[in-house]
Amino acid sequence: MKTSNRILTFLLAISIVANAGLGAICIKKSSMVNNAHTRMLNVYEEGLCELCVRCEQIDQGFSKLSVATKNTQALRILSEIIDDAAAASVALDALPISPEYTGVLNRYLNHVGDYSRYMMFASANGTLPTTEYSEQISALRQSSKKITQALNDMTGNMNGESYDWTRYLAESVSELDMVSDDLFSVLESIQTEGINYPTLIYDGPFSDSVVNRVIDEGQAHNVTESEAISAFCKFVSIPSAYKIISCDSCDGVISTWCIALQYGQVTYYGNVSKKTGKVISFLCDSSATNKNYSRNDAENIAGEFLSRNGYDSMKPQYSEVTQNIATINFVYEQNGVLIYPDMVKVRVNLDNGKVEGFEGLSFIANHKDRQITNIDVNVTDELLPNGCSVERTALAIIPTDGGDERLCIEVRCNVDGDDFVLYFDPETFEEVKIFKVIHTENSDFAV
């Protein structure tokens, strides 16, 4: 971004925090006597400024990358995008917004950094893979434009009215109540509309396309509010000394009770099915300062959590670590066959070793006993690439682009030091899918 544009964007962000909105934190200094709150509000101001600037720079970075013609230019741009994505994620986490609203945007920022890092690795030999990755770059650019436009629309809706923070502080209004409706609308829009990613797999194959059928929860049972809260506390292992913040009726692909509970200094957000009483998802708002547990530790902790809650025969496949939080992807295994549509994700805090997130919609939507024919999983050498070292073969059921399921032979192999996952039709031996697995310090993902 040109210096003039950076200054313009920064001044725009400063103008935001001078008006109404999340960044519109106008404090009547004559009435402000609480220095702790003053410092807190300054952090929010800086967080919003940084988020706006960094998202704008990510958009500009992808725009420049699409026309870069030299490898050295692309590497410099990618390096800047990685820095901007990391800084934007930190800025977003500094804002007083619960994870249920920031999850999609944070995920996008993490993936932007990961994929940009992958493109840097791919360009290390001096060859710019412009043609090969042009579609991926285009998809990320479209997503960055959507986010930047949403933030710009928010700034355009700001007016010059000031909040009376003296009243807020006197009435002990929570931090979330200080947040502007404009920013909530932006984040909800991103959450609802979704973000179009390129064909990437960060926490396992097919992780973003596994809810592929109408969800039939069976015979209706009217789960009461108190029953839902009880089921949620048992699932998450929250003791009885909790405070109910809210429990509202929510409509979606599954009708749920949307629950928010506070236990100690941590707030738990969850969704419980109104028909079955099953926990669909939950998330905590705690942070992880240190890394006291490894990814392997997190897999074991997550597996024990699933078994304790009735999710048996779940096999960990891929994982990623972001800000000392591990997200582990599990798929159901039926008689040795991996069932990718029956997927759950578990978040583990690597600071305290606690499970602080769960997503089970895919499993609940798709889980059933499959009639699977016993098929030989051996693939002849003629079908494999030259120099291929096979590490494992197994049957797997994968979702198709049309929303159905397909039985395949999954081959995990290594070719010239690179890891791949190949999928073959068991009858015709047609190659159905190819994924290259990238291992980094914090994650395994595939393209």
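D425 is buried, its relative accessible area coming to just 13%. In this predicted model, D425 has a charged partner: the side chains of R406 and D425 meet in a salt bridge, with 3.1 Å from N to O. R406 sits in strand β10 (residues 405-415), while D425 belongs to the loop between β11 (418-424) and β12 (431-439), so this bridge ties together parts of the chain that lie 19 residues apart in sequence. The two ends of the pair fall into separate exposure classes, because R406 has a relative accessible area of 26%, above the 20% under which a residue counts as buried. R406 is therefore partly exposed, whereas D425 is buried.

The R406 pair has company, as a search of the whole structure turns up eleven salt bridges. Among them is the one between R54 and D84, whose closest N and O atoms are 2.7 Å apart. Here the link runs between helices: R54 is in helix α2 (residues 35-65) and D84 in helix α3 (residues 71-94), distant parts of the chain with the two positions 30 residues apart. As with R406 and D425, the arginine is partly exposed and the acid buried: R54 has 22% relative accessibility, and D84 has 5%. This bridge also belongs to a wider arrangement, since salt bridges with shared partners join E50, R54 and D84 into one network.

Helix α3 also carries a bridge within its own length. R76 pairs with E80, and the closest N and O atoms of this salt bridge are 3.8 Å apart. That still counts, because the cut-off for a salt bridge is 4 Å. R76 and E80 are four residues apart in helix α3, which means about one helical turn separates them. Neither end is buried: R76 is partly exposed at 45% relative accessibility, and E80 is partly exposed too, at 29%.

Zooming out, the protein holds ten helices and 13 strands. Of its 447 residues, 49% count as buried. Among contacts with a separation of 6 or more, 62% come from residues 24 or more positions apart. As for the surface, the protein exposes about 21,700 Å², and carbon and sulfur atoms supply 46% of that area.

Conventions:
Residues are numbered from 1 along each chain as its sequence is written. This is a predicted model: local features need pLDDT of at least 70, side-chain atom pairs count only at pLDDT 80 or more; totals for chains, interfaces and linings use all residues. Side-chain values use heavy atoms; hydrogens and water are left out. Buried means under 20% relative accessible area, exposed over 50%, partly exposed in between (1.4 Å probe, protein chains only). Contact means heavy atoms within 4.5 Å. Accessible areas come from the Shrake-Rupley method with a 1.4 Å probe; for residues, only the protein chains shown count as cover.
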